[in-house]
Structure formats: C-alpha cells, structure tokens
Protein chains: 2
Amino acid sequence: MLKPLVVIALGGNAMIKGKQRGTQEEQIENITETAKQIMKIIPNYRVVITHGNGPQVGNLMLQMEAGSYPPHNRPVLSMDICGAMTQAQIGYLIQNILGNLLYTEGPPSRLDPKEKIKVVTIITQVIVSKDDPAFKNPSKPVGPFYTREQADKITSEHPDFVIIEDAGRGYRRVVPSPDPIAIHEKDQINSLLEAGFIVIASGGGGIPVIKNLDGTVKGVEAVIDKDLAGERLAVDISAENFAILTDTDKVYLDFNTPQARGIDKMTVTELENHLEKGVFGSKLKGSMGPKLEAAIRFIKDGGKKVIITRPELAAAALEGKAGTTIVP
Amino acid sequence: MLKPLVVIALGGNAMIKGKQRGTQEEQIENITETAKQIMKIIPNYRVVITHGNGPQVGNLMLQMEAGSYPPHNRPVLSMDICGAMTQAQIGYLIQNILGNLLYTEGPPSRLDPKEKIKVVTIITQVIVSKDDPAFKNPSKPVGPFYTREQADKITSEHPDFVIIEDAGRGYRRVVPSPDPIAIHEKDQINSLLEAGFIVIASGGGGIPVIKNLDGTVKGVEAVIDKDLAGERLAVDISAENFAILTDTDKVYLDFNTPQARGIDKMTVTELENHLEKGVFGSKLKGSMGPKLEAAIRFIKDGGKKVIITRPELAAAALEGKAGTTIVP
C-alpha cells in the first residue's frame, strides 16, 4: 500500500533566517538543518516540498536593478522569470542536500529496493485569474527600498509599476498577489510521484501565469502566496496531509500577550470561529493569516490534516505529538 | 511502437542572437522561432531539449557583481547556483512557449489521446571528476570583462579566482571546463520520458558537481560544455539521435575560404580523419570543436545519428534532407 502523501511548505526561515543576508553558506547550513528534519518524515510519508522565496527574489531583483545601469547595462527580467530563477536556486540546494542525505542514510526506493529515493525539482507555473481583484490592488511589497528620487525615476521609466511609501523605511514596489487556481505542471508532478521520487515544486508560490482565451498561459508580474499555492498543489496531487513549517511551534490564541495559549488541535470549524472572533492576536496580520486561510481551504477541499509548526517538530507534529493540527 | 528519441542541443543563438543584449523580448522572440522548428520534429520523435546559457549566466554573474557593493551589499552566489538559475530562466521560457504551441496545435499525447503532449524542466546536476585536468588549467572565460584595476581587486578578494588577459578586450575570469561523466538526474528524466513528456534538461551543460568518496555530490565552480553534456544526456537516456543546432547550415571543409564545401553526410571514421588532417579550417577552434567531439563520442557510445545544422533545418536534417549527418 502506498504511504500517505504530505506536501511540506517551507517558510523563508528554512533557507534564510532573521537578519541573515542570504549568503550561500547561510542558505546551505539552514537547508541542511531543514533537510535533516525532512529525513525523519520520509520513512512514513511520500513527500512533496514547496518553499518561499522572498529574500532570494528580493536579492535577485536588486541585483538586476544594480546591473541595469552603465557601464553594465544588463537587461532586467520580469518577475515571472525572476521567480523561475529562484525556484532553481533554492530547488537545486534542497535537491542536492536532501539527495545526498537520502543517498547516505535514506530508506530504499519503493520501486527498486537496491536504489535510494531520489529528488527532483520541477519548474512550476501556477495559473491565476486575469480578473483577480488583486490585479487592481497591488499589495505585496517586493525588491529593494528606494529613496523618493529613485522611486520617481523608476515610475517614469516603468509607468506600469506601483511604488508606495513603506512607513519610515522608504519607497517600495508593490505587485498583485492573486489567488492560485491550478498548478499547470500537475501531471508532471503526479507522474514523478508515481515513480517514487521526492518532488520539489511550486517554489515561491509558483510562476504566476494567466490563461488566455485559447488556453495558452502567459507569465505576469505578480507574487502568489506560497502557502496558498502549496494548498493548491496539495489538492491537485491528492495529498492527505499538508505541513506548513514556519518559525513558531504552534498557532497561539492571544499571541504575544500574557494570555497566549498554544493550540494542539482544532477542527476547521473551530479555526473559523477563532478567526471570526479575532482571538489569534496581532501576529495574525503578518504571515500567519495566509497559513490559516490555506489550512481552512485544504480541509474544505477534502484534505485530512494540516500541521503548523517549526521544521524540527514536523515529524512529531504529523504524529499528533507537537505543533498545531487542524482537522475536518 | 515508441517513436525514436532525439536529444536537441540548442546553441546560444536559439535564445540570444549575435549582438543582442538578451532582453526578455529578444529571448521570447528567438525561443518562439526555435520552438516552431521543434514543433516540426515532435510528430515523428520523442524529444529531449538541452541548451546553452553563456550570455544568460554572463549577465547574471555581472548583475550579482554589480549588486555586491554598497549600498546594496547583496551576496554573490557561486557558479553552480548561477548555472541552476539560468536552467530555470531558459527552461521556463522554452517550457511556456513550447507548451503553449503544443496546446494549440500539437499532436495528442501518446498515453492519453484526449490530452496534448506537455513539457517539463528538470534542474540537472552533471557529475565531473575532481581529478579532471581542467581543474588545474581553467580555460573557459565567464562573466564580465574587467579593467586591470578591477581584476587586481577581485583577485585580492577571491584568491582562488583565475583572471587572464583577453587580447585587447580587458581581463576576464576563466573557470575549469571539465568533461561530463554522468547525468545525476538520469532516472528522473527517463521516468518523465516514459510518461510521455517532453523534457528540458541539463541546461548550460548542467550544474557541475563532483562525487565525494561517500557517493554524495557537491557543486563546483566550473562550466561544462553544453554539447558534450548533451551527448552524455543522450547516451544516459538511450537516445538514437542527437541534434546539435547552431548558426551554420552544415559543417564545412575549409570553412571561411573560397574552397569551402559543406558536408552532407560522413561516417565517424571520416570525421576523425578530417579532424586529424585539420581540413575543417580556422573556425574549428571556436565552438565547432566541441560539437564534432560530441558527435564522435555519441556515435562511439552507440548512437545512430548526429545532425549538425540550423534550427530551421533541423526537421529536414533528421530526414537526411539538410544539414550535416554523422553516422557510424
């Protein structure tokens, strides 16, 4: 019988922590730590990995900007291409590091017990609607901070760019963050899963593409939330489990107050009630919001279990011994 | 019966032509032209695509360099990671453009006639020997040109870098160009081929990795020739045909002289004899050398046919009606 399938969504801190600049050494060290935690999950689950790319795509956009002036004059590429590039940057590192761990100490492959399980990274496009209201209201900050003068110059060169003031920190470009509708490479990912591989897919929320009237797809300047895209991925490949790994051991009620209480387990209805009452506390407006939304969608889309926890507690959380579990 | 398999190696001009800077619009236009030519091959062959990345990785290294100074101070990533990133940059564009053409006008998929053939890009590591003599003799120029002062500064910051003078054009970093030994993601590529997908793999010659004593692999600062890596790929996936697409319609004897004669067909022995006699002419020292070497290796490794031609002649060349064909 096939082992259950889990989609693991790695937060940015799995690659670049807190105040790190994201040097290669830092990323390799962090990914090695995360990969060791994933190794504990692999004996009991088939695994698909997705991941954020915020700091990496920010660095890349800044580097392209820096290289666009004389004497360099190198062309700046659009956000869909930058997103693709970070899928390979991070995918390669996870594929290399996790692949090495599997080779030296992993369980045997399901299809050929003389072989070890292998890893593969798929460049993934994710379909969004061209009518998504996010395109009329860009809200996701991306790339470097600018001075007022730089912001004015960029807006005059790129009339389609929206640049807003970020309180006290300068000016920054914002792009639409549309809802993911479908994973364009679903069949390719399913095929690799059937063949027994660990698949890394939809990194950075996937490359956002809109569907034209003739069914073709076209990249757009946008960023898809990686937990919401991970949820789409989990549903499209019929995963029973969705593990959202971040920098907190559990979801807390009244987070960051003396009354903070970690939640071990809740139903999706309890979660919706908590959200309606606004009892999660101030942190909810940050990155926890999309995670809880992704959890609700996954259970409503037929998923069996969502866990939210730190990478080092993920294996225990999947057994109900740590983290927060959300069930139907 | 399965259609024969062809590995198509796209030269740099399939993405960025001559004096182009490599803007997005240029790359999309060039890749669209190339994809239309590949569409003519797909009805009769199963297809794997590999491609160069010279201008793209040069741009990326320059952008990283430009972003590494104050006020940006973004970390520069090593060449293996840059190589991975260009696999996704180019892979995404080919996957998107060719995937769209297949969707609107392609033949049905072998496994599900209600579906169209789909495309997938695999981040590919290619194993090289750590004892390869190329590591003692770096010869492949990469990245931007420097002034003498810049070159001295870089060498003092990176004592392991080798920078040489490039006659009249400034100073430039050179890196090793080791021989490809094996495609690390061979099984993943074969699995996708069996499932009926068109696979894009080993872009830019693949991410060069050396094998440690324990069998794990580690990225190195090097560049693998993309035609030689394409040959390894073709052998590792048992392709009968290897198509090297470049900017010449045929291989010429006495190239660039009044006596130039295009070759329609030759055996591998004739090719070796021509090489020994040095009758190809001066162009051989450029990019044609590795192509002819890759052709010889492919036939000696058991391949049935190599064609060398322009993209627009590729379909005809595979039928023996254009280009240069090399056979056992």
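Let's start where the two chains meet: 55 residues from chain B and 55 residues from chain A take part in the contact. Keep in mind as you look around that this is a predicted model. About 4800 Å² is buried between chain B and chain A, and carbon and sulfur atoms give 59% of that area. If you want a few side chains to look at on the chain B side, try B:Q63, B:R74 and B:Y92, which supply 14% of the area that chain B buries against chain A, more than any other three residues.

How are the two chains related? Chain B superposes on chain A after a rotation of 180 degrees with 0.0 Å of shift along the axis, and the RMSD is 0.0 Å. This is the relation of a two-fold axis. To find the axis in chain B, go to B:M85, whose C-alpha is the nearest to it at 2.2 Å. Both copies use the same surface, since 100% of the contact residues of chain B recur in chain A.

As for confidence, the predictor's scores are as follows.

| Item | Value |
|---|---|
| ipTM of the complex | 0.96 |
| pTM of the complex | 0.96 |
| Mean pLDDT of chain A | 93 |
| Residues of chain A with pLDDT of 70 or more | 98% |

Now follow helix 1 of chain A, which covers residues 24–41. Its 18 residues reach 26 Å from the first C-alpha to the last, close to the 26 Å expected at 1.5 Å a residue. The buried residues of this helix include A:I31, A:A35, A:I38 and A:I41, and among them are also the polar-lettered entries A:Q24, A:Q27, A:N30 and A:Q37. What do the buried residues of helix 1 of chain A pack against? Within chain A, they pack against strand 1 (5–10), strand 2 (46–51), helix 2 (54–66), helix 3 (79–105) and helix 9 (314–318). Across in the other chain, they also pack against helix 3 (79–105) of chain B.

Finally, turn to a sheet in chain B. Four strands in the order 8-4-10-11 form an open sheet with mixed pairing. Strand 8 (182–183) and strand 11 (217–219) stand at the edges with a single partner strand each, so one side of each has no neighbour in the sheet. Strand 4 (residues 125–128) and strand 10 (residues 207–211) of chain B run parallel and are joined by four bridges. For a residue pair to pick out here, B:I127 stands opposite B:V209 in strand 10 of chain B.

Note on methods:
Residues are numbered from 1 along each chain as its sequence is written. Chains are lettered from A and ligands numbered from 1 in the order in which they are written. This is a predicted model: local features need pLDDT of at least 70, side-chain atom pairs count only at pLDDT 80 or more; totals for chains, interfaces and linings use all residues. Side-chain values use heavy atoms; hydrogens and water are left out. Helices (H or I, at least four residues) and strands (E, at least two) are DSSP runs, numbered from the N terminus. The expected span of a helix is 1.5 Å times one less than its number of residues. Buried means under 20% relative accessible area, exposed over 50%, partly exposed in between (1.4 Å probe, protein chains only). Contact means heavy atoms within 4.5 Å. Copies are superposed by least squares on the C-alpha atoms of residues with pLDDT of at least 70 in both. Two strands pair if DSSP finds at least two bridges between them. pLDDT is the predictor's confidence in each residue, from 0 to 100. Buried area is the accessible area (1.4 Å probe) that two parts lose on being put together, summed over both.
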